Amino acid sequence: MLFLNLHFHGLVIDEIFWGLWLVPLALLVYRSRFLPRFLGVWLALAAFAWLILSLTGVLLPQYYDKVFSYSQPAIFGEIAFMLWLVIKGARPPALDAVAKNLDAHR
């Protein structure tokens, strides 16, 4: 049981990093014009869901399972992001639009 408990606490610590890496990814997706903004928002929600889940695992482990079940819709943002990239892909703007934007900024 000691090793099972250690394994659980190790995963809780991992979840902190799973949430932290999603913050810059969500910001990049939100600011980019290649992907829809709702994916960036959903990734940000997933980041906060992982962080809340990990804090619950550290501070209130008896509520971990309940928080995990409530956080699943937010965590599915990562899966939605992956599926969007696989199915639709990132669509770069047309070269004419890029050239017009460069001329407008000069």
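These notes cover helix 3 and the aromatic contacts of a predicted model.

1. **Length of helix 3.** Helix 3 covers residues 64–87, which makes 24 residues. At 1.5 Å a residue, the expected span is 34 Å. The end C-alpha atoms lie 33 Å apart, so the helix agrees with that expectation.

2. **Kink.** Helix 3 is not free of bending: a kink of about 55° lies at Q72. The proline P73 follows shortly after the kink.

3. **Buried face.** Which residues of helix 3 are buried? They are Y64, S71, Q72, A74, I75, G77, A80 and F81. Q72, the site of the kink, is thus one of the buried residues. The cover over the buried residues of helix 3 includes helix 1 (2–31) and helix 2 (37–59).

4. **After the helix.** G89 comes just after helix 3. Its phi is positive, at about 80°.

5. **Aromatic pairs.** How many aromatic pairs does the structure hold? There are four. Two of them are taken up in the next points.

6. **W18 and W50.** The ring centres of W18 and W50 are 5.1 Å apart. Their planes meet at 75°; the cut-off for edge-to-face is over 60 degrees, so the pair is edge-to-face. This pair links distant parts of the chain, with W18 in helix 1 and W50 in helix 2. The two residues are 32 apart. W18 is partly exposed, at 35% relative accessible area. W50 has 10% relative accessibility and counts as buried, because the limit is under 20%.

7. **Y64 and F68.** This aromatic pair is stacked. The distance is 6.4 Å centre to centre, with 20° between the planes. Both residues lie in helix 3. They are four residues apart, about one turn of the helix. Is Y64 buried or partly exposed? At 11% relative accessibility, Y64 counts as buried. F68, at 33%, counts as partly exposed.

8. **Ring cluster.** The Y64 and F68 rings do not stand alone: ring pairs link F8, Y64 and F68 into a cluster.

9. **Charge over a ring.** Where does R37 lie relative to Y30? R37 lies over the face of Y30, at 4.6 Å from the ring centre. Y30 falls within helix 1 (2–31), and R37 is the residue at which helix 2 (37–59) starts.

Methods. Residues are numbered from 1 along each chain as its sequence is written. This is a predicted model: local features need pLDDT of at least 70, side-chain atom pairs count only at pLDDT 80 or more; totals for chains, interfaces and linings use all residues. Side-chain values use heavy atoms; hydrogens and water are left out. The expected span of a helix is 1.5 Å times one less than its number of residues. The bend at a residue is the angle between axes fitted to the seven residues ending there and the seven starting there. Buried means under 20% relative accessible area, exposed over 50%, partly exposed in between (1.4 Å probe, protein chains only). Contact means heavy atoms within 4.5 Å. Rings of Phe, Tyr and Trp (its six-membered ring) pair if their centres lie within 6.5 Å; planes under 30 degrees apart count as stacked, over 60 as edge-to-face and the rest as tilted. A charge sits over a ring if NZ of Lys or CZ of Arg is within 6 Å of the ring centre and within 35 degrees of the ring normal.
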